[in-house]
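Colleague: Please pick one part of this model and take me through it slowly, giving each term its cut-offs as you go.

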Amino acid sequence: MGGTWVRVVLSDCQGLIVENVRERVDVNSSEAISLQIVRLVRFLCKKRGADIAELRGVGIASAGPLDMERGILVNPPNFPFDSIALTEPVREALGVPACLINDCAAAALGETTFGAAKGVENFVYITISTGIGGGAIVNGTLLLGKDGNGHEVGHFVIDYEGRLTCGCGRKGHWEAYCSGRNVPNYVRMRFDEIGLKIAMHSALYKGLQGDFSQLCAADLFNAARNGDKLSTMLVSEIGKLNAIGFANVTNAYDPSMITVGGTVALENIEAVLSPIWKYVSDYAINRVPEIKPTQLGENVGVYGAVAAALKYLP
Ligand SMILES: [Zn+2]
């Protein structure tokens, strides 16, 4: 479950996804979300001709903050509710066990259960999407923290000057510069610094006719891909900031592999990953791990939900 979409899949225990469906999250009430999940599970079972009682369980992977033990989201920034109960209503309505896990922790589990990191003992998954998040497996153990909100890597400080303020209200956080939502803020800041006289000659400026209010991350990456010099420079700067983030992750968890997902990374693999490969060793004290895009694509989260159900449910 993300901020906009909820995806439900029916999978076997080997991670073979046999049915899937996607809807916009129903935000009419805090109860509506669990009811929606229940309805979509019933829909997929019916479509497949499967009996709900045959389900081993329901794994729910969601952006946090959450309380894994109680199966609730706590003050979720994506939704206008103080808390959202997920596992209990799903369990009651369907009569099968349910668990809740942070989406990036789930993705790490999905990658080590079904993906490229199968059997890798020290592994980190990083998403560069609307926000930036991570999930870490250290010595074969998925790190979760006291409530299941471990490794908010998107809020690692990468700029001590704190030129940009993060959505969380603090300054200098990785996500404030490099996530899909915040790349436009970085571009606007740099255009102010560079000055209109120079900036106005860039294809990015001309393409938007100087109106940066509607700028999105894809505009910058597309302009760089088409050879716009200023955009290429900014993409490289963002890449360097990402390299600092990846170095912090490498120093914190000492993984032998990092896979990268999220729309910003997966739609711009070369532009996002090349500067990370190039600069990460400038900042990492630990031996630099293999860093590559996830092969599970946008499914990495749902594979994680399936893996979580297999791991945490009886
Ligand atoms: Zn932050």
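What follows is a close look at the metal site, and then at the nonpolar packing.

Modeller: This is a predicted model, in which local features need pLDDT of at least 70 and side-chain atom pairs count only at pLDDT 80 or more, while totals for chains, interfaces and linings use all residues. Residues are numbered from 1 along each chain as its sequence is written, and side-chain values use heavy atoms, with hydrogens and water left out.

Let us begin with the zinc ion, whose protein donors are His155 through ND1, Cys166 through SG, Cys168 through SG and His173 through ND1, at 2.0 to 2.3 Å from the ion. Donors here are N, O and S atoms within 2.8 Å of the metal (3.2 Å for Na, K and Ca), and sites may look incomplete because water is not among the atoms. The 4 donor atoms subtend angles of 98 to 120 degrees around the zinc ion, so the arrangement is tetrahedral, a label given to four donors if all angles lie between 85 and 135 degrees. For comparison, the ideal angle for four tetrahedral donors is 109.5 degrees.

Along the sequence, the donor residues follow the spacing H-x10-C-x1-C-x4-H. Both His155 and His173 lie in the loop between strand 10 (141-142) and helix 4 (174-178), so this pair ties together parts that are 18 residues apart in sequence. Helices (H or I, at least four residues) and strands (E, at least two) are DSSP runs, numbered from the N terminus. His155 is partly exposed, with a relative accessible area of 24%, whereas His173 is buried at 9%; buried means under 20%, exposed over 50% and partly exposed in between, using a 1.4 Å probe and protein chains only.

Turning to the packing, the largest nonpolar core has 57 residues, of which Leu86 and Ile101 touch the most other members. Such a core is a set of buried Ala, Val, Leu, Ile, Met, Phe, Trp, Tyr and Cys residues joined through side-chain atoms within 4.5 Å. Several elements each supply at least two residues of this core, among them strand 1 (5-11), helix 1 (30-48) and strand 7 (98-102), and helix 12 gives the most, with 8 residues. Leaving aside neighbours within four places in sequence, Ile101 is in contact (heavy atoms within 4.5 Å) with residues including Ile60, Leu66, Leu142, Ala308 and Tyr312. Apart from this core lies another, of 50 residues, which includes Met189, Ile194, Phe246 and Ala247.

Definitions and conventions: Four donors count as tetrahedral if all angles lie between 85 and 135 degrees; four count as square planar and six as octahedral if opposite donors are over 155 degrees apart and all others between 65 and 115; anything else is irregular.
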